[in-house]
Amino acid sequence: MPGRNFLFVPGPTNVPERILRAMDRAMEDHRSSAFPELASGLFHDLRKVFATTTGQAFIFPATGTGGWEAALVNTLSPGDRVLAPRYGQFSHLWIDLAQRHGLRVDIIDVEWGEGAPADRIGEILSQDKQHEIKGLLVVHNETATGVTSDVGAVRRAMDAAQHPALLYVDGVSSIGSIEFRMDEWKVDLAITGSQKGLMLPAGLGIVCASPKALAAREHAKCPRVFFDFGDMIRANAMGYFPYTPSIPMLYGLRESLAMIAEQGLDTIYARHRRLAEGVRAAVRAWGLKLCAKAPKWYSDTVSAILVPEGVNAADVIDVAFRRYNLALGAGLARMSGKLFRIGHLGDLNELMLLGAIAGAEMALRDVGVQVTPGVGVAAAEEHYRSTAAPLPARPAASSSPDTQLPPGGKPAARATVRA
Ligand code: PLP
């Protein structure tokens with residue numbers, strides 16, 4: 001199909017040209033004396049994205065799922081009890097992974113469309129006088145339903161219950177896009193993957209561990225080899241990895257972290273909020289509802305949009321892809337057919353998102369959803385125009401040939417248009 005593909009699944013996200021170019025390089029010796037400069041810089045800079053000064057970042061050649069596993073097996077023993085609210089496919093899968101490692105998971109089932117219930121968590125923890133619960137697993141941004149939970153509130157509930165459980169937070173679709181404060185929220189294990197806010201291909205599972213989490217390793221008996229923090233700590237201390245790292249991914253990560261530093265995390269969070277609000281305005285204008293049940297749960301990285309009864313959301317996604325070259329996210333598990341998702345995270349701007357909204361709007365109409373042409377685009381456009389930042393100043397030395405044309409005339413002389 002001519003033209004470019006519009007990739008609007010909530011990960012993998014668009015990889016900026018700059019990162020693609022940084023990754024396009026010859027392989028090199030990962031045991032050379034030059035290598036530690038690359039690796040050590042990454043460990044240092046990653047901490048800023050997690051907002052931690054005391055946490056230690058681990059980079060595994062894996063994905064978010066590997067990050068989940070690494071966090072659990074390094075800090076827990078088979079038979080340990082953990083508490084986990086479940087409110088979407090990713091919280092479900094993490095629980096499944098924990099159970100397969102022999103952990104006993106006390107599940108708090110929450111309606112899909114809501115997030116972590118801080119009050120309920122607090123009550124359960126206060127009743128656990130013997131401190132049998134060793135960990136609490138929270139998915140910060142449930143990508144399946146477009147719900148963001150308040151991790152700060154969860155931490156306050158844990159503190160109020162004076163419970164020492166480790167706090168594990170899946171930040172796979174939030175870290176680098178939605179405010180994440182590892183130290184402030186006293187997160188013990190924060191997990192992310194490379195293919196979302198970090199704007200890279202999938203291929204890295206990144207875990208940041210607090211000093212308390214690192215201390216828990218001493219007693220943790222879950223078997224671990226590939227994901228062993230101990231092997232990583234020994235090799236990373238010298239700027240190396242215990243096995244062959246993916247060199248292009250590491251160079252890509254370096255570029256990604258440089259871009260994030262240049263833009264500034266607060267600016268990035270504000271951009272995600274503003275872009276998301278435009279999508280939410282479009283959804284309202286279409287007369288549709290989000291899966292997220294209340295504004296406090298709205299996610300700034302993904303909107304899960306319910307289609308009307310009688311419409312199969314899979315058809316919307318299929319038409320969008322085959323007719324308009326637009327990739328939308330599917331409804332997962334019990335949401336299959338009921339919703340489609342627009343991912344709005346990573347390297348994105350208003351016009352890119354307006355393209356996705358236009359494509360979704362056309363696909364909705366193609367499958368028979370009654371939508372007035374253009375209403376979604378108009379609503380988002382209005383939001384973006386009314387909240388636009390002041391026009392950036394023109395560069396001082398603006399000297400393109402056109403600006404040197406005399407009013408209404410030809411260039412006076414070729415010599416005057418030297419660039
Ligand atoms: N957690 C969340 C919130 C996710 O969105 C995903 C994937 O989309 C995962 C975990 C699993 O990550 P991966 O597919 O990189 O293994």
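Thr267 lies in helix H10, which spans residues 265-286, and in this predicted model the side chain of Thr267 reaches the backbone oxygen of Gln263 at 3.2 Å. Thr267 can also be set against a distant residue: 168 residues separate Thr267 from Gln99 in sequence, and the two are 39 Å apart in space when taken from C-alpha to C-alpha.

**The chain as a whole**

Helix H10 belongs to a chain whose secondary structure comes to 13 helices and 14 strands. Taken along the principal axes, the C-alpha atoms of the chain fill a box of roughly 85 × 60 × 40 Å. The radius of gyration of the chain is 24 Å, which agrees with the value near 22 Å that a compact globule with 419 residues would have. Of the 419 residues in the chain, 53% are buried.

**Strand S10 and its partners**

How many of the residues of strand S10 are buried? Strand S10, made of residues 205-209, is mostly covered, with 5 of its 5 residues buried. The cover extends to both faces of S10, since Gly205, Val207 and Ala209 on one side are buried, as are Ile206 and Cys208 on the other.

Strand S10 is joined to strand S2 (residues 56-60) by 5 bridges, and the two run antiparallel; within this pairing, Ala57 has Cys208 of S10 as its bridge partner. Strand S9 (residues 189-193) is likewise joined to S10 by 5 bridges in an antiparallel arrangement, and here Gly193 stands opposite Gly205 in S10. In general, strands of a sheet pair through backbone hydrogen bonds, either parallel or antiparallel.

**An open sheet of 5 strands**

Elsewhere in the description of the strands comes an open sheet of 5 strands, which has the order S1-S13-S14-S12-S11 and mixed pairing. Strand S1 (6-8) and strand S11 (289-290) stand at the edges of this sheet, and because each has a single partner strand, one side of each is left without a neighbour in the sheet. Strand S12 (residues 302-306) and strand S14 (residues 339-343) are joined by 5 bridges and run antiparallel, and Ala304 stands opposite Arg341 in S14.

**The surroundings of the ligand**

Which residues surround the ligand? The ligand is surrounded by Thr63, Gly64, Thr65, Trp68, Phe90, Asn141, Thr143, Asp170, Val172, Ser173, Gln195 and Lys196. Sorted by class, this shell around the ligand has 3 nonpolar, 7 polar and 2 charged residues. Helix H3, which runs over residues 64-73, gives the most to the shell, with 3 residues.

The polar contacts in the table below each pair an oxygen atom of the ligand with an atom of the protein.

| Residue | Polar atom of the residue | Distance to an oxygen atom of the ligand |
|---|---|---|
| Gly64 | backbone atom | 2.9 Å |
| Thr143 | side-chain atom | 2.5 Å |
| Lys196 | side-chain atom | 2.6 Å |

Beyond these contacts, the protein covers 86% of the 390 Å² of accessible area that the ligand has on its own. What does the shell look like at Gly64, Thr143 and Lys196? Gly64 offers a polar backbone atom to an oxygen atom of the ligand, whereas Thr143 places a polar side-chain atom 2.5 Å from an oxygen atom of the ligand and Lys196 has a polar side-chain atom at 2.6 Å from an oxygen atom of the ligand.

Terms used:
Residues numbered from 1 in each chain as written. Predicted model: local features only at pLDDT ≥ 70, side-chain atom pairs only at ≥ 80, totals over all residues. Heavy atoms only, no water. Near = heavy atom within 4 Å. Polar contact = N/O pair within 3.5 Å; in protein donor to acceptor, adjacent residues only side chain to side chain. Areas by Shrake-Rupley, 256 points an atom, 1.4 Å probe, with all protein chains shown as cover. Helix = DSSP H or I, 4+ residues; strand = E, 2+ residues; numbered from the N terminus. Nonpolar A, V, L, I, M, F, W, Y, C, P; charged D, E, K, R; others polar. Buried < 20%, exposed > 50% of the residue type's maximum accessible area, 1.4 Å probe, protein only. Pairing = 2+ DSSP bridges. Rg over C-alpha atoms; globule rule 2.2 N^0.38 Å.
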